[in-house]
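This report walks through selected features of the packing in the structure shown here, taking helix pairs, buried positions and individual side chains in turn.

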Amino acid sequence: MTADPDALRFYADESALGLGKTLCAARKDTIYAGHPLIPECPLGAPDTVWMRAVADRGLVALVRDKRIRTRPLEIERFREVGLRVFWLGGKRDLATWGYLEQLVRHWGTIERIVNDEGPGPWGYVITKSSVEKLL
């Protein structure tokens with residue numbers, strides 16, 4: 001399946017690149033860092049750069065980067081640009097398949113949050129057993 005520029009809703013950052021490519025293959029509404037439909041987010045783009053580009057496009061970010069929540073500059077940028085984000089959490093790193101299982105398990109909840117929360121900034125963490133508001 002090819003991403004549809006008119007249907008884009010989700011963006012997987014470089015920390016979730018394998019997951020992003022997998023979702024892009026299965027869904028028309030998902031792209032990832034380095035995807036040709038988002039040239040302002042090449043591989044290696046700093047968090048503060050991709051955050052603005054993703055928020056400006058109205059996309060919801062999917063990330064694994066645990067440090068993004070604890071860096072003051074990144075939290076400030078997150079709020080400033082109105083980013084909407086789901087962090088893939090858990091006590092240990094998973095392979096792409098494990099993260100995909102987490103997302104699929106909670107996809108109905110993810111859709112409800114996106115629809116109910118509206119514009120950002122907001123952030124939720126997704127674990128094997130739950131989806132909880134973080135910011």
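## Two helices at an oblique angle

Helices α1 and α4 are oblique to each other, and this follows from the geometry of the pair, because an angle counts as oblique when it lies outside the roughly parallel, roughly perpendicular and roughly antiparallel ranges. In this predicted model, helix α1, which spans residues 17-26, packs with α4 at an angle of about 60°, and the two axes are 9 Å apart. The crossing of this pair is right-handed, and the contact is made by Gly 18, Leu 19, Thr 22 and Leu 23 on the α1 side, with Thr 96, Tyr 99, Leu 100 and Leu 103 on the α4 side.

The spacing of these positions can be set beside a general property of helices: with 3.6 residues a turn, residues three or four places apart point the same way.

## The nonpolar core

Leu 103 appears again in the largest nonpolar core, which has 43 residues and in which Tyr 11, Trp 50, Val 54, Leu 83, Phe 86 and Leu 103 have the most contacts. Helix α4, covering residues 96-117, supplies the largest share of this core, namely seven residues. As a general tendency, nonpolar side chains in soluble globular proteins are buried together.

## Helix α2 and its surroundings

How many of the 10 residues of helix α2 are buried? Seven of them are, so this helix, running over residues 47-56, is largely enclosed by the rest of the structure. The buried residues are Asp 47, Thr 48, Trp 50, Met 51, Ala 53, Val 54 and Ala 55, and they pack against β1 (10-12), β3 (60-63) and α3 (72-81). Met 51, which is found in α2, is buried with a relative accessible area of 0%. After α2 comes Gly 58, which has a positive phi, near 75°; in general, most residues other than glycine have a negative phi.

The axes of α2 and α3 come within 9 Å and cross at roughly 15°, and the two helices are therefore roughly parallel to each other. Their crossing is right-handed, with the contact made by Asp 47, Thr 48, Met 51, Arg 52 and Ala 55 from α2 and by Leu 73, Glu 74, Arg 77, Phe 78, Glu 80 and Val 81 from α3. Within this pair, the C-alpha atoms of Met 51 and Arg 77 are separated by 7.4 Å, although the two residues are 26 residues apart along the chain.

## Positions on helix α3

Glu 80 is found in helix α3, and, with a relative accessibility of 46%, this residue counts as partly exposed. The side chain of Glu 80 makes a polar contact of 2.7 Å with the side chain of Arg 52. Glu 80 can also be placed relative to Ala 55: the two are 25 residues apart in sequence, and their C-alpha atoms are 9.8 Å apart in space.

Ile 75 likewise has its place in helix α3, but Ile 75 is buried, with a relative accessible area of 12%. From C-alpha to C-alpha, Ile 75 and Lys 133 are 15 Å apart in space, with their positions 58 residues apart in sequence.

## Positions on helix α4 and the loop after it

Which side chain is joined to that of Glu 111 by a polar contact of 2.5 Å? The partner is Arg 9, while Glu 111 itself has its place in helix α4. When residues up to four places away in sequence are not counted, Glu 111 touches Arg 9, Phe 10 and Arg 27.

His 106 is also found in helix α4, and this residue is buried, with a relative accessible area of 9%. Leaving aside its neighbours within four places in sequence, His 106 is in contact with Ile 126, Thr 127, Lys 128, Ser 129, Ser 130 and Val 131.

Pro 121 is placed in the loop between α4 and β5 (122-126). The peptide bond that joins Gly 120 and Pro 121 is cis, with an omega of about 15°, whereas most peptide bonds are trans.

Note on methods:
Residues numbered from 1 in each chain as written. Predicted model: local features only at pLDDT ≥ 70, side-chain atom pairs only at ≥ 80, totals over all residues. Heavy atoms only, no water. Core = buried A, V, L, I, M, F, W, Y, C linked by side-chain atoms within 4.5 Å. Buried < 20%, exposed > 50% of the residue type's maximum accessible area, 1.4 Å probe, protein only. Helix = DSSP H or I, 4+ residues; strand = E, 2+ residues; numbered from the N terminus. Contact = heavy atoms within 4.5 Å. Polar contact = N/O pair within 3.5 Å; in protein donor to acceptor, adjacent residues only side chain to side chain. Axes fitted to C-alpha atoms, helices over the stretch in contact; angles between N-to-C directions. Parallel < 35°, antiparallel > 145°, perpendicular 65-115°, else oblique. Left-handed = near helix turned anticlockwise from the far one by under 90°.
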